[in-house]
Amino acid sequence: MSTGGLRPPDSDEEREIRKQSALDGDIGKVCEMNGISDEQFLHNRNSIWCLESFFSDCPSLYTFQHFPNLRELRIISQDLDSLSGLEECPSLERLWVVECEIAEIQYIGELRNLKYLNLSSNAISQISGLDLLDKLEVLWLNKNQISVLEGIQCLTSLQTLWLGSNQIRTLQG
C-alpha cells in the first residue's frame, strides 16, 4: 500500500521539539542563523556538529542542548549575561565566546571534552572555573581585564595560552 508520498507521523520527540520551537522560537532562530531547515533539524539534528551565532540576538544558550552531538560552537558579538546553558552541551570540543561582555568564566566546568576555548574580548577579570577541563589544549583570553595569572595550574594538557592586552604587569613564580 502506497503512502502517496506522505511522511510518517512525527515521533513524540519531534512533536516535543516542534512545541518548544513554537513556544520560544529559539531553536528556529538557531537553525535559521545556520541555514538549517526545519526538516533537517527534525530528521538530522544528531549529525549537526557545528553551529554559529554572529552579530544577532543570541537565543538562550540552553537551546544548544537540542543538538546532542554539537562539537563546535561559535558565539561572536552577543550581549550575554553568562555562559549558563552551555553545561548542557557535554560533547563540545571547541568553543568561541568572543566579544560577548562575559565577566566571569562559569558553567563550562562540565565540558570535559573541551580542547579549544576562546573567551577573547570580554570583561573577564579572573581566570577560574576551568579546574575540570583536563583536555584543554588551547586557551585564548586576549583583551579581557585579567591582572593576575592564576587558575591555569590545573590545565595539564594546555599547550597554548593567549593573554595579550590584559592588565598583567608581572609574572610570579
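**Exercise 1. In what order do the six strands form the open sheet, and is the pairing parallel or antiparallel?**

Solution. This is a predicted model, where local features need pLDDT of at least 70, side-chain atom pairs count only at pLDDT 80 or more, and totals for chains, interfaces and linings use all residues. Residues are numbered from 1 along each chain as its sequence is written, and side-chain values use heavy atoms, without hydrogens and water.

- Strands are DSSP runs (E, at least two residues), numbered from the N terminus. Two strands pair if DSSP finds at least two bridges between them.
- The order is β1-β2-β3-β4-β5-β6, with parallel pairing.
- β1 (50-54) and β6 (160-162) each have a single partner strand, so one side of each lacks a neighbour in the sheet.

**Exercise 2. Trace the bridges from β2 to β5.**

Solution.

- Start at β2 (residues 72-76): five bridges join β2 to β3, in parallel. Here Arg-74 stands opposite Trp-96.
- Move on to β4: three bridges pair β3 with β4, again parallel. Leu-95 has Leu-117 as its bridge partner.
- Finish at β5 (residues 138-140), which three parallel bridges join to β4.

**Exercise 3. Describe the surroundings of Asn-118.**

Solution.

- Place Asn-118 in β4 (residues 116-118). Its opposite residue in β5 is Trp-140.
- Check exposure: Asn-118 is buried (under 20% relative accessible area, 1.4 Å probe, protein chains only), because its relative accessibility is 8%.
- List contacts (heavy atoms within 4.5 Å). Beyond neighbours within four places in sequence, Asn-118 touches Leu-95, Trp-96, Val-97, Val-98 and Trp-140.
- Look at β3 (residues 94-98): four of its five residues are buried, so β3 is largely enclosed by the rest of the structure.

How values were computed:
Buried < 20%, exposed > 50% of the residue type's maximum accessible area, 1.4 Å probe, protein only.
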